[in-house]
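Here's a walk through one protein model, written for someone just starting out. Keep the structure open while you read, and click on each residue as it comes up.

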Amino acid sequence: MASAGENTAALLQVQEEYTTDGSLDLDGNPALKHRTGGWRACRSILGTEFCYCLAFYGISSNLVTYLTGVLGQSNVAAARNLSTWQATCFVMPLAGAVIADSYWGRYRTMVVSCSVGVAGMIMTALSAYLPLFVKNGASFTSSNMVSVQEFVMFLGLYMIAVGLGGLRPCLMSFGADQFDDGDPLERVHKGSFFNWYVFNTNCASLISRTAIVWLQDHYGWALGLTIPVAVLAVGLFCLVAASRTYRFQPTRGSPLTRVCQVVVAAVRNSGINAPGDSSLLYELPEYDSDMKGVQRMDHTTDLRFFDKAAIVAVSDKDAAAPAPCSPWRLCVVTQVEELKILVRMLPLWATIVFFYAVSAQVSSTFLEQGMSMDATVGTVHVPPASMSTFEVLTVIVLVPLYDWAFVPVARHLTGRGKGVSDLRRIGAGLTMPVLAMAAAAIVETVRLRAAPGKKISELWQAPQYALVGVGGVLTTIGQFDFFYSQAPPAMKTVCTALGFLVVAAGDYLSSFLLTVVQWATTTSGRPGWIPDDLNEGHLDRFFWMMAALGCLNLMAFVSCAARYKYRKPC
C-alpha cells in the first residue's frame, strides 16, 4: 500500500511540474512551471514594453514640431501627416496579429517586428543627421536637402508603424501567455499583468512627453531622435535575453481562414435544418491528428445559423468517416464556436469605440479650450498641452491602488479572482466619458461667462483630464483583459489586436463627429460651435452633445453586456 501511495504522490508531483495549457518551452518541450513563465518571464516583457513605449512616444509626442520646424510643412499638413501615421500605427497590429497566430508565433513576430522598428527609428534619426553631412562636405546640396530629409523621415516612420504592428498585440498576449489558466493563483496574476502593462505605458508616456521632448527642444533633433533608437534596441535585447524563461503557445493556422470557412460552409448548408441534438453535429475525436493541440469547445445554442457549417449532410456521411471532406463545406463544432465568440464580442467592441472618441478630445478640443484660458499658475507658465499630464498621473496613481487595494477587497466580497468581472469594469469606465464631457462643458460655460478680457485658470480643466484617466484605468485595461480571456485559443493575438484597433476607430469617429458638427453649425454665415476664436462659438454645446451621446452609448453597452454569454472553459 505504501508503495502504491508513493507512486501516486510521485505521479501527481510530475503532473504539477508542467503547465496545463499546453504551452512549450524554447526547445519545444512541455513547459515546466518552476522554470518558465510567471513574473520571472513578464519582467523582461514589461521591460521591452516600457522601452518601445518610451521610444514611440519620444517620436510621436513632438513630431509636429519636427515636421513644421525642420521640414517646413504647414500646420494643416503636419497635423494630417501625424494623424495618418498614428492611425496606421493602430491599424497595423491587426495584420501583425494574423501573422503571429497563423505562421510565426508571437515570439518570432515580436523579434522580427522589433528589429524592423529599430531600423525605422535609425532612419528617422538619419533624417536629422543629414544637414550635418552637408556641413561636413557630404554629397548633398541644400536645394534637395529638405526633400531627402522628408523621404527618409517618412520611410522611417512607416517602418516603425510596421514594426509596432507586430510588437504591440504580441507583447500583451505573449505576456498573458506566461500565466497558466489552469492554475488559480497564476490566473489571478494574469489579471494583474494587464494592470501593470497599462501602468508601464503611462510611465513611459510621461517620461517621453517631458524629458525626451525637453532634450529635443534644447539639444537638437539629432540627439533627440537617437535616444529612441537606443531605447528600443535595449528593449529588443531584454526580449531576446530572457528567451529561456518564456512559455510558448503553438500556432494553429490562420484564424481568418478558419472564420471564413465557417461562413462559407454555413451559407452552403443554409437550406438544411440544424438537428435538435447537438451531438449530431460534426466533431473530430480528440485522438485525431487534426485535433492535436486544439482545445475543444462545447456547443452553444445561440447564433444557430453558424451551426449549419457543422451539419453532416447525407452526401457527407460516407466521406466524413474515412476522410473528412473540405473544411469549406464541413467544419467541426469547435471551429464554429470560435466564430460565435467573435460575433458575440463585436457589439461590445463597437460600444467601446466611443470612449476613445472622447479620449481623442484630450489632444484636440481640450487643448483648444486650454489655449483660450490663463496658462499662468502662480509664477509658472504651464503650456496647455502639459495639462494632459493630469490624465497620465491619474493612471499612474490609480493602477497600483486598484491592483493592491481594490482588487483584494472586491475579491473578498465577490469571490471573483479579479474582484469584478471585465464587463462591469468596462461599464464603470464608460461612465467616465459622460462625466468628463459634462465637466468640460461646465468649464467652458464658466469661461464664456467670465468678464470680457478676463481669462480663467487652465487648472479648471484638471477634473476633466483626471476623469479621462480614471476611464482609462477601468475601460482600457478591462477591455484588453476581456478580449484576451474571451478569445478562442487560436485567436488570442487577433482579439488582443481588436483592443488597439478600437483606438483607431475612436480617432476616426472623433474626426467624423467634428466634421459633422462643423458642417451643421456653420450654415448661413454663422461661426459655428468650434470657430477659430472660441469666444465667438459654443464649444460647451459640443461637449454637452458628446455627454448625451455617451449616455446613449452606455445604455447600448449595458444592453449588449446583459445578453453576452461568457465563453465556457475549454
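## A tyrosine in a loop

At 33% relative accessibility, Tyr 18 counts as partly exposed, because buried means under 20% and exposed means over 50%. Keep in mind that this is a predicted model. You'll find Tyr 18 in the loop between α1 (2-17) and α2 (38-60). Which residues does Tyr 18 touch, not counting residues up to four places away in sequence? The answer is Pro 30, Ala 31, Leu 32 and Lys 33. Take Pro 30: Tyr 18 and Pro 30 are twelve residues apart along the chain, and their C-alpha atoms are separated by 6.6 Å.

Another loop residue to click on is Leu 303, in the loop between α9 (255-268) and α10 (314-320). At 31% relative accessibility, Leu 303 also counts as partly exposed. Its backbone is what you should check: phi of Leu 303 is near 50 degrees, a positive value in a residue other than glycine. For background, most residues other than glycine have a negative phi.

## Two buried residues in helices

Now switch to helix α5 (residues 106-135), where Ser 127 sits. Is Ser 127 buried or exposed? With 0% relative accessibility, Ser 127 counts as buried. Leaving aside residues up to four places away in sequence, Ser 127 touches Tyr 66, Gln 149, Val 152 and Met 153.

Arg 425 belongs to helix α14. Arg 425 is buried too, as its relative accessible area is 6%. Its contacts, again not counting residues up to four places away in sequence, include Asn 195, Tyr 402, Val 420 and Val 473. Leu 474, Thr 475, Ile 477 and Gly 478 are also touched by Arg 425. As for Gly 550, the C-alpha atoms of Arg 425 and Gly 550 are 16 Å apart in space, while the two residues are 125 apart in sequence.

## Rings and charges

Next up are the aromatic rings. How many aromatic pairs does a search of the whole structure find? It finds 27. The rings of Phe 56 and Tyr 57 have centres 5.2 Å apart and planes at 65 degrees, so this pair is edge-to-face. That label follows because planes over 60 degrees apart count as edge-to-face. Phe 56 is buried at 3% relative accessibility, and Tyr 57 is buried at 16%.

Some rings gather in a group: Trp 39, Phe 179, Phe 193, Phe 194, Tyr 197 and Tyr 484 form one aromatic cluster. Tyr 484 has a charged partner as well, since Lys 492 lies over its face, at 4.5 Å from the ring centre. Elsewhere, Arg 168 lies over the face of Phe 90, at 4.3 Å from the ring centre.

## Empty space

Rolling a probe the size of a water molecule over the atoms shows where empty space is left. This structure holds four cavities of 30 Å³ or more. The table sets out two of the cavities and one pocket.

| Space | Volume | Lining by class |
|---|---|---|
| Largest cavity | About 100 Å³ | four nonpolar, four polar, six charged residues |
| Second largest cavity | About 80 Å³ | four nonpolar, three polar, three charged residues |
| Second largest pocket | About 900 Å³ | nine nonpolar, nine polar, 15 charged residues |

Who lines the largest cavity? It has 14 lining residues, and Gly 191, Asn 195, Val 407, Lys 418 and Arg 425 lie nearest its centre. The elements giving two or more residues to this lining are α7 (184-219), α13 (389-414) and α14 (422-449). Arg 425 and Asn 195 may ring a bell: they touch each other.

The second largest cavity is lined by residues including Ala 100, Asp 101, Gly 105 and Arg 106. Gln 249, Pro 250, Thr 251 and Arg 252 are also among its lining residues, as are Pro 489 and Ala 490.

For the second largest pocket, the lining is made of 33 residues, with Asp 181, Arg 187, Ser 485, Gln 486 and Arg 567 nearest the centre. Three helices, α6 (142-177), α7 and α15 (462-486), each supply at least two residues of that lining.

Terms used
Residues numbered from 1 in each chain as written. Predicted model: local features only at pLDDT ≥ 70, side-chain atom pairs only at ≥ 80, totals over all residues. Heavy atoms only, no water. Phe/Tyr/Trp six-rings, centres within 6.5 Å; stacked < 30°, edge-to-face > 60°. Buried < 20%, exposed > 50% of the residue type's maximum accessible area, 1.4 Å probe, protein only. Lys NZ or Arg CZ within 6 Å of the ring centre and 35° of its normal. 1 Å grid on protein atoms, 1.4 Å probe; cavity = no way out; pocket = protein on both sides within 12 Å on 5 of 7 lines; lining within 4 Å. Points joined across faces, edges and corners; volume = space filled by probe spheres on them. Helix = DSSP H or I, 4+ residues; strand = E, 2+ residues; numbered from the N terminus. Nonpolar A, V, L, I, M, F, W, Y, C, P; charged D, E, K, R; others polar. Contact = heavy atoms within 4.5 Å.
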